[in-house]
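Work through the following exercises with the sequence and the model side by side. Each task is followed by a solution that goes step by step.

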Amino acid sequence: MEIKAVRGFNDLLPNEIGKWQFVEETAREVFEGFGFSEIRIPILERTELFSRGIGEATDIVEKEMYTFTDRSGNSLTLRPEATASMARAYLEHQLYTFDPVAKLYCIGPMFRYERPQKGRYRQFYQIDAEVFGVENPMVDAEVIVMLIHFLKRVGLEKLELQINSLGCHACRPRYREELKKFLTQKSFQLCEDCQRRLQTNPLRIFDCKVETCQEAIANAPKVTDFICPECQKHFDKVKEHLETAGLTYILNPRMVRGLDYYTRTAFEVVSYQLGSQNAVTGGGRYDNLFQEIGGLEIPGIGFAIGMERLVSLLPKDKEFVQTPYLFIAALGEGPLKEAYRIVNQLHLQGIRAELDYEGKSLKSQMRRADKFKAQYVLILGDEELKQGKAVLRNMETKFQEEIPIPNLVNILKEKVRRQE
Ligand code: ATP
Ligand code: MG
């Protein structure tokens, strides 16, 4: 029987990889321009990093983690997100001894046991950026500015920045109680999950996708009416800095984010092109995460962009697939040998070139060149070879010229250079 990939785990095929490379390259360029450095962290961590870091009463820890016991009896988990691992690495390697402020980014796969559907997979990719060690609201705005700048650079439109403040450990408990009181009166409207959330983590009810739960929470008290003066001041400053940067935002008091570690600033960027899975990216401040995992009081802020959802929004007319620069159609044994020599030479110069190893008919070779969308075809037969010449055909303009074979590499290099 044919073996298939595991449900929710996708192959990214060569015809779509150009978009992914473009997104990753743009992220590296933009983030490094903002002073961020890449960090690569393991895919596997001790389970308690996530259960303590993300919080027991969250969707991720409750039901979405890929957790297993290894052969030595350790409980390990495939990372469902990167922030906790990045914070662990920062503590473990004492990056704060070099400088208290660390600006880091990370690109890679995450794993969550969710019901696979469009825009929701079990292995999916995220681009994460985090700043550790700064409490100042300037950095909240800076991170958001970088995010929006990046999304625009990759070509996204119809974006909306939503922000909220979730308060801190001093003021949130009071809000939680108010919300609980409000929702207890409407508990008959809540789904089974939310009945439980009402006891363990009522803020998460905002995230529930069940319609009756959404109705129940429609007129709930707003978290921003309960935040303490310090949180209010922080939030006002974030808004002020965003305005200075020329960004427009929408206040969304119902956006609470699904992870326990968030405090104060929370934000999401939604796109109106995506249907129901419309959050491309989300992030926020987490001033308690480090305490949960390492006992140090270090503030942090960052975001995670879902790459599948981002890639699905890229402009359709943009060409991302790499096509060969040259296809050599060789006719006969001698020309094929010469074509092989030329192709190798071009590869060493970094010029994409292809040939037909079987040296089929000219017609079938031209068909392949067309299929590959080669920009040029070099036609090489016995007669041409004898004269040390070949015909170079521009596939777009159909212009043909005869060129001396020894000059071919230089001629092509010149054409590539002009194109760049
Ligand atoms: P959602 O409400 O859609 O479940 P989330 O709050 O769980 O999102 P985060 O943990 O904030 O998402 O992750 C950040 C981004 O990662 C999301 O905005 C989304 O683009 C992407 N993402 C999250 N889960 C998945 C998934 N299972 N498959 C594909 N992308 C995902
Ligand atoms: Mg989720």
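**Exercise 1.** Find how many bridges join β10 and β11, and in which sense the two strands pair.

*Solution.* In this predicted model, β10 and β11 pair in the antiparallel sense, and the pairing extends over 5 bridges. To locate one of the bridges, start at Gly-282 and look across to β11, where the bridge partner is Ala-304. Next, turn to strand β9, residues 263-271, which also pairs with β10 in the antiparallel sense, here over 6 bridges. In this second pairing, Gly-284 of β10 stands opposite Ala-266.

**Exercise 2.** Follow the strands from β9 to β7, and decide whether β9 and β10 are largely enclosed or not.

*Solution.* Begin with strand β7, residues 159-165, which pairs with β9 in the antiparallel sense over 7 bridges. A pair of facing residues can be picked out here, since Ser-165 stands opposite Thr-265 in β9. Now consider burial, for which a residue must have under 20% relative accessible area. In β9, 9 of the 9 residues are buried, so this strand is largely enclosed by the rest of the structure. In β10, 6 of the 7 residues are buried, so β10 too is largely enclosed by the rest of the structure.

**Exercise 3.** Describe the shell around ligand 1: which elements supply residues to it, and which residues are the closest?

*Solution.* First, count the neighbours: 15 residues surround ligand 1, and the closest are Arg-112, Glu-114, Arg-120, Tyr-121 and Arg-257. Second, sort the shell by residue class, which gives 5 nonpolar, 4 polar and 6 charged residues. Third, ask where in the fold the shell comes from: β6 (123-132), β10 (279-285) and β11 (300-306) each supply at least two residues, and the largest share, 3 residues, comes from β10.

Fourth, look at individual atom pairs. A polar side-chain atom of Glu-114 lies 2.7 Å from a nitrogen atom of ligand 1, while for Tyr-121 a backbone N or O atom lies 2.9 Å from a nitrogen atom of the ligand. In the side chain of Gln-126, an N or O atom is 3.0 Å from an oxygen atom of ligand 1. Finally, consider how far the ligand is covered: on its own ligand 1 has 590 Å² of accessible area, and the protein covers 89% of this.

**Exercise 4.** Decide whether Ser-85 is buried or exposed, and find its side-chain partner.

*Solution.* Ser-85 has its place in helix α4, residues 83-92. Its relative accessible area is 0%, so Ser-85 is buried. The side chain of Ser-85 makes a polar contact with the side chain of Glu-45, at 3.2 Å.

**Exercise 5.** Examine the backbone angle phi at Gln-94 and at Lys-158, and say where each residue is found.

*Solution.* Start from the general expectation that most residues other than glycine have a negative phi. At Gln-94, however, phi is positive, near 45°, and this residue lies in the loop between α4 and β5 (102-111). With a relative accessible area of 41%, Gln-94 is partly exposed. Lys-158 likewise is not a glycine and has a positive phi, of about 55°, and its place is in the loop between α5 (137-153) and β7. Its relative accessible area of 59% lies over the 50% limit, so Lys-158 is classed as exposed.

Conventions
Residues numbered from 1 in each chain as written. Chains lettered and ligands numbered in written order. Predicted model: local features only at pLDDT ≥ 70, side-chain atom pairs only at ≥ 80, totals over all residues. Heavy atoms only, no water. Near = heavy atom within 4 Å. Polar contact = N/O pair within 3.5 Å; in protein donor to acceptor, adjacent residues only side chain to side chain. Areas by Shrake-Rupley, 256 points an atom, 1.4 Å probe, with all protein chains shown as cover. Helix = DSSP H or I, 4+ residues; strand = E, 2+ residues; numbered from the N terminus. Nonpolar A, V, L, I, M, F, W, Y, C, P; charged D, E, K, R; others polar. Buried < 20%, exposed > 50% of the residue type's maximum accessible area, 1.4 Å probe, protein only. Pairing = 2+ DSSP bridges.
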